[in-house]
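I opened my notebook on this one to look up strands, cysteines and a glutamine. Here is what I wrote down.

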Amino acid sequence: CVTGVQTCALPICKLMWFLEGHEKKCNSLIPNPSNPHHLVSASLDRSVKLWDSRMINSKSSTGKAFVWSLDYSLSCNNAIWSPNGKHLVVTCMDHHLYVYENESLLQDHAEKTLRKSIRHNNHTGRWLTKFMPSFDPHNNDVFAIGSMESPRRIELYSCSRGHQIGSLQNPDYLGSVQSLIAFHPLSPFELVGANSSGRLHYFHK
């Protein structure tokens with residue numbers, strides 16, 4: 001599988017570089033907010049990899065750019081950073097959310113400390129969009145993710161506590177699985193959930 005980054009100057013798109021680092025489809029590629037040159041990728045090949053874009057000086061510099069790899073028993077849907085770049089949450093098809101919190105995540109050949117392993121049903125099935133958690137931009141410790149539980153809900157988790165700290169639900173209006181979550185970037189306590197049909201559900205305090 002090829003993990004690539006492109007730059008576009010419409011109407012022409014030019015490939016800047018590509019990385020050959022996964023054996024199967026790459027599901028996500030996200031830069032670290034505090035260190036944008038560090039990119040984390042998650043793949044169907046059961047791995048999460050860190051890359052350093054500063055080491056890329058040609059269209060293909062996979063060996064130099066590769067920093068480390070985390071391996072899992074089943075495929076990884078995505079890996080996301082907290083707003084300050086200190087937390088990494090991996091959504092895995094083994095029905096767990098893996099939370100890492102350690103400066104060593106951005107270092108080569110260092111131990112990757114698993115802070116919490118949270119049980120979560122990530123099997124959305126063939127027809128639903130895979131769960132994509134989202135961090136609260138106003139709180140580096142809290143992230144939200146959809147749920148397969150009934151009644152349907154959006155669940156809130158704490159990285160430091162390693163368990164669910166709340167949920168958002170309303171059986172009268174929310175009757176579908178919320179695969180995607182987005183917090184308001186400026187206004188605290190506001191977020192939107194989206195299902196696979198494109199319907200949005202807005203929550204505020």
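I began with strands β8 (residues 87-92) and β9 (residues 96-101), which run antiparallel and are joined by six bridges. Strands here are DSSP E runs of at least two residues, numbered from the N terminus, and two strands pair if DSSP finds at least two bridges between them. Within this pair, cysteine 92 stands opposite histidine 96 in β9.

I then noted the wider sheet: it is open, has four strands in the order β7-β8-β9-β10, and its pairing is antiparallel. Its edge strands, each paired on one side only, are β7 (76-81) and β10 (114-119).

A word on the source: this is a predicted model, where local features need pLDDT of at least 70 and side-chain atom pairs count only at pLDDT 80 or more, while totals for chains, interfaces and linings use all residues. Residues are numbered from 1 along each chain as its sequence is written, and side-chain values use heavy atoms, leaving out hydrogens and water.

Next, how many disulfides (cysteine sulfur pairs within 2.5 Å) does the rule count? I found zero. For cysteine 76, the nearest cysteine sulfur is that of cysteine 92, 4.5 Å away. Cysteine 76 counts as buried (under 20% relative accessible area, 1.4 Å probe, protein chains only) because its relative accessibility is 0%. Cysteine 159 is likewise buried at 0%.

Last, I visited glutamine 178, in the loop between β14 (163-168) and β15 (180-183). Glutamine 178 is buried, with 0% relative accessible area. Leaving aside neighbours within four places in sequence, its contacts (heavy atoms within 4.5 Å) include Phe131, Ile154 and His201.

Methods. Disulfide = S-S within 2.5 Å. Buried < 20%, exposed > 50% of the residue type's maximum accessible area, 1.4 Å probe, protein only.
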